[in-house]
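This report introduces a protein to a reader who has not met it before. Please look over the sequence and the structure before reading on.

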Amino acid sequence: MPFYTRNKVDFTTALTQYFSFRNETKSVEPLAELMRDLPQSNFTEILEFLRNNSEIAENFGYYIRNVFSGKPFNLSLTEANILSENAFYPEFKKRILNKVLPAVENENTVWFLVDTASVRPKKDLLYFKNIPPEDLTEFFNLLEINDFVALPKVKKELLFSMNILAWRVIGNAMEVEVVNMAPEYRNFDNPFLALQNELDILNENFKQNPEFTLKSKDEHYKQIRVYLEQGQDFVTLAFKNSAKYGISGKINQSLLKIRQQLDRMSDILAIMVTDSPDEIGEKSQQLFFNILEYKSHKNNLRELISDSTRLMSHLITNHTAETGSHYITSTGRDYVKMFMKASGGGIIVGCLVMLKLFYGTLPGSDFSHAALFAFNYAMGFIMIYLMNFTLATKQPAMTAAMMAKVLSEGENTKKNYVDFAHLVAKVFRTQFIAFMGNVFLAFPVALALIYGLDVLFQHNFAAEKAAKLLQDHDPFRSKAILHACLAGFFLFVSGIISGNVANSSVYYHIPKRIAKNPFLNQFFGEKSAKKISEYYAKNVAGIMSNFWFGVFLGVTGPIGLFFGLDLDIRHITFAAGNVALGFYGSGFMLDSYTIWISIITVFIIGFFNFAVSFGLSMVLAFRSRKVNLGEVREIYREIFRYFLKNPLRFFLPIRSRDLDNRTKEMVEKTMPTKSEDR
């Protein structure tokens, strides 16, 4: 009945309307109307009504048994809330389509009945779960549906569902790429084939005796449980090995599907096992709840995205965590070394600032300027990376992943919280000195270059853009903070690219393919091919990350102009260089406000670069490792207490032998396993 033509009635009135007589209909409409009215009804009053109207209760129970009679429910157990596609995007597209335009199902199935009757499955499920167990048991007893799991037809459907899932698990688990994820199982009997053998025996027992009841003491039940657990161990090991072997989106989906199917088989097995007649009613209710639960999640996009991306984000942060461990200074020597590396990065950025100024004066379209700016940034960042210099804002994404890894894999004790706070202090002072190195060199280098060009060509090239450059570094007259956040976001994205490239390189054995390539071996020799392979393995992730970071920074401004949006990026090191050009272009004829606001804005930009990049990376890393947020709050408190006690350790390399040794051990314990042969 359409919503706009339906008169709202309460549940008991609808019961009286439909079941004051023996209703022989097999239409789902009465059930659908009752389910719509149920959440607004008081269940205690419904129970009281059924107690006092035994004929209506009997007729209602007869209708329920009649409408579900002869309708298979295996689809509700084998399809609902289980991945049906082998890749993320087809599954995502399918779920969106099913949400907008629900699929046309076979009307002679329980799947169709539940879909039609329960249009708000989550609300319906929550309503039933909030009913006291004794009231629900009485409700099932009044309708005489409290023992339906003991019926031979229901047992047959449960067993058939187990077999369908087992066949699908075997099909997925026997794929070569899946088997390669767990090479440790090559020397053992396959648990999935053994599971199917046990199910075959169970099938035979049921065929010989349809009244056959599975009990928890039966050997077949115990063996099935063992093989289901071994199957889960296989999936867990395959996921764990992804840190060594890499993983593709397809294999990730296949392993997720196997895990879901094994979980579903465990659910069905738990319902099939009854040790006493008293458990039959409980198992009947459990099957009812399970079908509603699966139905309520079958098109859930949030769960699909969460499950499908968690492992990939874990692998990405695994790589960035390994890189992040190199960005921690413990000794004064490390501290000075980081300053020198950052100074080298500052020198290159000072040159890039001048090149960008030059490219901006060239005639051309927004597209040509975008290409030139992107080339300028990408070239400079790759140079910084290959020359082993440091760009300070590239560190937060790496160190955030490393810290999340330490936090998730360490023991959560008061002592460890103090150790972690000391680790944070070491990370912070490393960021601080890297910022200083970048800024203190980018400013004078840009100033020296613009002065040199002025002396050489007798022309102040920064004069025309000086006012704009200084305005862009005044947060009250420009969107400097928003643009700094955009740069922080691109830093975060470049970290994701780095981890993704590293994972793909490992999974597809790219370094090994290069080393074994016949062409390279023939023309350059085996040693040269191996060196190229090692160079690729070591640098490809960093090169691609820096390349795309440069592209993002270069094209944002021109794209903003093209669409009429005030989009641009502000990066602390480039901001220092641009302020230098602004000062020189204006002939240093500036009021004190402009001077101070420009200098302060450089560090404000650095703060937001760091905060956005580090914050997003921490969220991704915490999500991928399922870090308890309650523990995170306690750790933040410990970090704050540690800062109050030892503020200078957050800026200077003041040593503490015990804490330094413990934090070093903490980091070394949690570093990723290197890739290896399968």
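How much area does the protein expose, and what share of it do carbon and sulfur atoms supply? In this predicted model, the protein exposes about 33,200 Å², of which carbon and sulfur atoms supply 61%.

The secondary structure comprises 29 helices and 0 strands, and 50% of the 678 residues of the protein count as buried. Among the contacts with a separation of 6 or more, 84% are between residues that lie 24 or more positions apart.

On the surface, a nonpolar patch is formed by F440, W596, I599, I600 and F603, which together have about 500 Å² of accessible area. Helix α27, spanning residues 592–625, contributes the largest share of this patch, with 4 residues. I600 is found in helix α27, and this residue counts as partly exposed because its relative accessibility is 43%, a value between the limits of 20% and 50%.

Two loop residues deserve a separate look for their backbone angles. N388, although not a glycine, has a positive phi of about 65°, and this residue lies in the loop between α18 (366–386) and α19 (395–409). H509, likewise a residue other than glycine, has a positive phi near 55°, and its place is the loop between α22 (480–507) and α23 (510–516). The table lists the accessibility of these residues beside that of I600.

| Residue | Relative accessibility and class |
|---|---|
| I600 | 43%, partly exposed |
| N388 | 48%, partly exposed |
| H509 | 25%, partly exposed |

How values were computed:
Residues numbered from 1 in each chain as written. Predicted model: local features only at pLDDT ≥ 70, side-chain atom pairs only at ≥ 80, totals over all residues. Heavy atoms only, no water. Patch = residues over 30% accessible without salt bridge, like charges linked within 9 Å, V, L, I, M, F, W, Y side chains within 5 Å. Areas by Shrake-Rupley, 256 points an atom, 1.4 Å probe, with all protein chains shown as cover. Salt bridge = Lys/Arg side-chain N within 4 Å of Asp/Glu carboxyl O. Buried < 20%, exposed > 50% of the residue type's maximum accessible area, 1.4 Å probe, protein only. Contact = heavy atoms within 4.5 Å.
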